[in-house]
Amino acid sequence: MVTDDDSDMSASTFMSTLATLTEPGFPETDVQPYGFVYHAIAAEADPWNFASPCFIRAAAIGEVHIALQELTGGVFQSICVDDWSSVFDALSAAVVAGTQLPCVYEIPPPPEGMTLDPNTVNLRYTPAGGDETTIPRVDSADDCLATDGWYYDDPENPTQVVACPATCETFESAGEGSVNLAFGCETIIQ
């Protein structure tokens, strides 16, 4: 949130209203116990006090925004500063630190008139600054070894590609990188 004012909605009302959203919703994780992180750029001091760094730079102290930022572990920066470079540096560092690659990927529906051939799907992983690697498929979760691999949620009617635990750990610890599902070439099998 970037604002020079406070909110008319309380932090608890915001949280309970947000919790009612289910499409897509904000699922809780170990990293994000509320399912999201709230960053705030707002006034932290009285804008009507002549001695305040926010004097006539804001309409009100952003108390609700600061409360939500503190609750969710977000970044706070003052809107009352002249140089915003530290604001954007802090936010970009927080966003990168709070992201991780997922371990489950939905298979998109095939184009009209086509069907999915489960034997022509590959999972390709590219770490930040690294080369792309095709991760081999295994038959099921039971076949996951201590090495990289992936499997279908349902081998007969797949709707998801699921990374094996070792691959998932690589994705989660990488922080940056990309994963692509490639369709049309014979699947590499472990």
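Let me start with one pair of residues, valine 104, which stands opposite valine 162 in strand E7, and I should say at once that what we are looking at is a predicted model. That pair belongs to the contact between E3 and E7, where E7 covers residues 160-163 and the two strands run antiparallel over 3 bridges. Stepping back from there, the sheet is an open one of 3 strands in the order E3-E7-E6, again with antiparallel pairing. Strand E3, residues 104-106, and strand E6, residues 150-152, are the edge strands, each of them pairing on one side only, and the twist from one strand to the next averages 20°.

Now to the cysteines, where the count comes to 3 disulfides. If we number the bonded cysteines in sequence order, the pairing reads 1-2, 3-6, 4-5.

Cysteine 54 and cysteine 80 form a disulfide with their sulfur atoms 2.0 Å apart, and with 110° about the S-S bond this link is right-handed. Cysteine 54 sits in the loop between strand E1 and helix H2, while cysteine 80 sits in the loop between strand E2 and helix H3, so that the pair links distant parts of the chain, 26 residues apart. Both cysteine 54 and cysteine 80 are buried.

The disulfide of cysteine 103 and cysteine 168 has its sulfur atoms 1.8 Å apart, and it is right-handed too, with 85° about the S-S bond. Because cysteine 103 lies in the loop between H3 and E3 and cysteine 168 lies in helix H4, residues 165-174, this pair ties together parts that are 65 residues apart in sequence. As for burial, cysteine 103 counts as buried at 13% relative accessibility, and cysteine 168 counts as buried at 14%.

What, then, is the handedness of the disulfide of cysteine 144 and cysteine 164? The torsion about its S-S bond is about -70°, and therefore this disulfide is left-handed, with the sulfur atoms of cysteine 144 and cysteine 164 lying 2.0 Å apart. Since cysteine 144 is in the loop between strand E5 and E6, and cysteine 164 is in the loop between E7 and H4, the pair ties together parts that are 20 residues apart in sequence. Cysteine 144 has 16% relative accessibility and counts as buried, and cysteine 164 is buried with a relative accessible area of 1%.

I will finish with cysteine 185, which at 46% relative accessibility counts as partly exposed, because the partly exposed class runs from the 20% limit for buried up to the 50% limit for exposed.

Notes
Residues are numbered from 1 along each chain as its sequence is written. This is a predicted model: local features need pLDDT of at least 70, side-chain atom pairs count only at pLDDT 80 or more; totals for chains, interfaces and linings use all residues. Side-chain values use heavy atoms; hydrogens and water are left out. Two strands pair if DSSP finds at least two bridges between them. Helices (H or I, at least four residues) and strands (E, at least two) are DSSP runs, numbered from the N terminus. Axes are lines fitted to C-alpha atoms, for helices over the stretch in contact, and angles run from 0 to 180 degrees between N-to-C directions. A disulfide is a pair of cysteine sulfur atoms within 2.5 Å. Buried means under 20% relative accessible area, exposed over 50%, partly exposed in between (1.4 Å probe, protein chains only).
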